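Hi,

Here is the structure I said I'd pass on. Have a look when you get a minute, and my notes are underneath.

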Amino acid sequence: MRPLIGVTCSFEQTNGGSPRLRAFINAAYTDAVFAAGGIPFPIPTPADVDPALLEDVLVRCDGLLLTGGPDLHPRHYAQAPHPKTEVLHERRDRFDIALFRRADELRRPILAICLGCQIASVGRGGCLVQHVDDLPRERPVRHYSDDHGSVYHDVDLVPGSRIAEIVGRTRLEVNSRHHQVVDATRLGERLTAVGFAPDGTVEAAESSDGRFLIAVQWHPEDMTDRVEHRRLFEALVREAARSQ
C-alpha cells in the first residue's frame, strides 16, 4: 500500500471582489509525492490549533512534507519583524509550527522545504536571519529575485551526510527563492548543517539523532526532472513506507 504523505497547504486572504480565505497547494508538491510512490494528503490550515486535531491528522500520515511560503513570524524566536519580513497569515503561522513539533515528537519522517526548513530549525529552538543580504559575506550569492522567480546556485553537501547519500552526490545545482535563512550560529537542537551555498549560508540540515528529518532551503519539487532532486521525495516515501 502506498504510504500517505501529509502536505501542508498555503493559506491567504484574497483581496479582489469579495474577500475570502483560501487554502491551496502547488501541484508540483503533490506530483512529486505521487511520482515517488506515495499518496499526498493535503492538510488545510484550520482556524485553531487543537492538540486533538493534530493527533487525528498525524495518526493518518505515514510521513510529512512541509512546503514553502512567506515568512514565519519572528516572535517564534524572540525578534521583531525586519522591514523585509513578509509574515505568513496568522492561521498558517500558528498551525504549521505546531504540526511540525507534534510530528517531530511522534518521529514521523519529515521532508521540510524552504519555509519548512526554517520551521524545522525554529521548531527545535533555532533562530533565523530575517534578510540574507544583511549578512556579511565575502562571496555574496543571489538567493532570491525581486519578481519572486527562481535564481540558481550550487550547494555543497557534507560527504557522508544522509542527504548526500540520498541524492548521490556532494554538489548540486539548486533553485533559490528565499530571502531568509536559518541562523548558522543558532541552529535548532539536534540539527546538523550539511549543505552550504558558496557564500557560506546554510542550505540543508538534517537531524543528528538518526531519525528522518531532511530540511532543504531550495525547491526540489520544481526540479524533479533531475534525478538528484527527485530522490529526496523517493527517500521520504521509502521511509514513510517503513513506518506503516
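Below is what turned up, going from the pocket to a buried histidine, then a pair of helices and two backbone oddities.

First, a reminder that this is a predicted model.

The pocket: the largest one has a volume of about 830 Å³. Its lining is made up of 33 residues, and G69, P70, E86, H148 and R177 are the ones nearest the centre. By type, the lining splits into 10 nonpolar, 16 polar and 7 charged residues. As for secondary structure, β2 (10–13) and α4 (115–123) each put at least two residues into the lining, and β2 has the largest share, with 3 residues.

R177 also leads on to H219: the two are in contact. You'll find H219 in the loop that runs from β13 (213–216) to α6 (227–242). Is H219 buried or exposed? It counts as buried, because its relative accessible area is 4%, and the cut-off for buried is under 20%. Its side chain makes a polar contact of 2.7 Å with the side chain of E221. Apart from residues within four places in sequence, H219 is in contact with Y29, G68, I113, C114 and N175 as well as R177.

Following that loop onwards brings you to α6. This helix has 16 residues and spans 22 Å from first C-alpha to last, close to the 22 Å expected at 1.5 Å a residue. Its buried residues are E228, H229, L232, F233, A235, L236, V237, E239 and A240. Keep in mind that an α-helix has 3.6 residues a turn, so residues three or four places apart point the same way.

Who touches α6? One answer is V167, which sits in α5 (162–167) and has E228, R231 and L232 among its contacts, along with L157. V167 is buried too, at 1% relative accessibility. Between V167 and L157, 10 residues apart along the chain, the C-alpha separation is 9.7 Å.

Last, the backbone. Two residues that are not glycines have a positive phi of about 60°: A78 and R190. A78 is in the loop between β5 (63–66) and α3 (90–105), and R190 is in the loop between β10 (181–182) and β11 (191–196). A78 is exposed, at 74% relative accessibility, whereas R190 is partly exposed, at 40%.

Shout if anything is unclear.

Cheers

Notes
Residues are numbered from 1 along each chain as its sequence is written. This is a predicted model: local features need pLDDT of at least 70, side-chain atom pairs count only at pLDDT 80 or more; totals for chains, interfaces and linings use all residues. Side-chain values use heavy atoms; hydrogens and water are left out. Helices (H or I, at least four residues) and strands (E, at least two) are DSSP runs, numbered from the N terminus. Buried means under 20% relative accessible area, exposed over 50%, partly exposed in between (1.4 Å probe, protein chains only). A polar contact is a pair of N or O atoms within 3.5 Å; within protein, one must be able to donate a hydrogen and the other to accept it, and residues adjacent in sequence count only if both atoms are side-chain atoms. Contact means heavy atoms within 4.5 Å. On a 1 Å grid over the protein atoms alone, a cavity is a set of points where a 1.4 Å probe fits but cannot get out, and a pocket is an open set with protein on both sides within 12 Å along at least five of seven lines; lining residues have an atom within 4 Å of a point. Grid points are joined across faces, edges and corners, and a volume is the space filled by probe spheres set on the points. Ala, Val, Leu, Ile, Met, Phe, Trp, Tyr, Cys and Pro count as nonpolar, Asp, Glu, Lys and Arg as charged, and the others, Gly among them, as polar. The expected span of a helix is 1.5 Å times one less than its number of residues.
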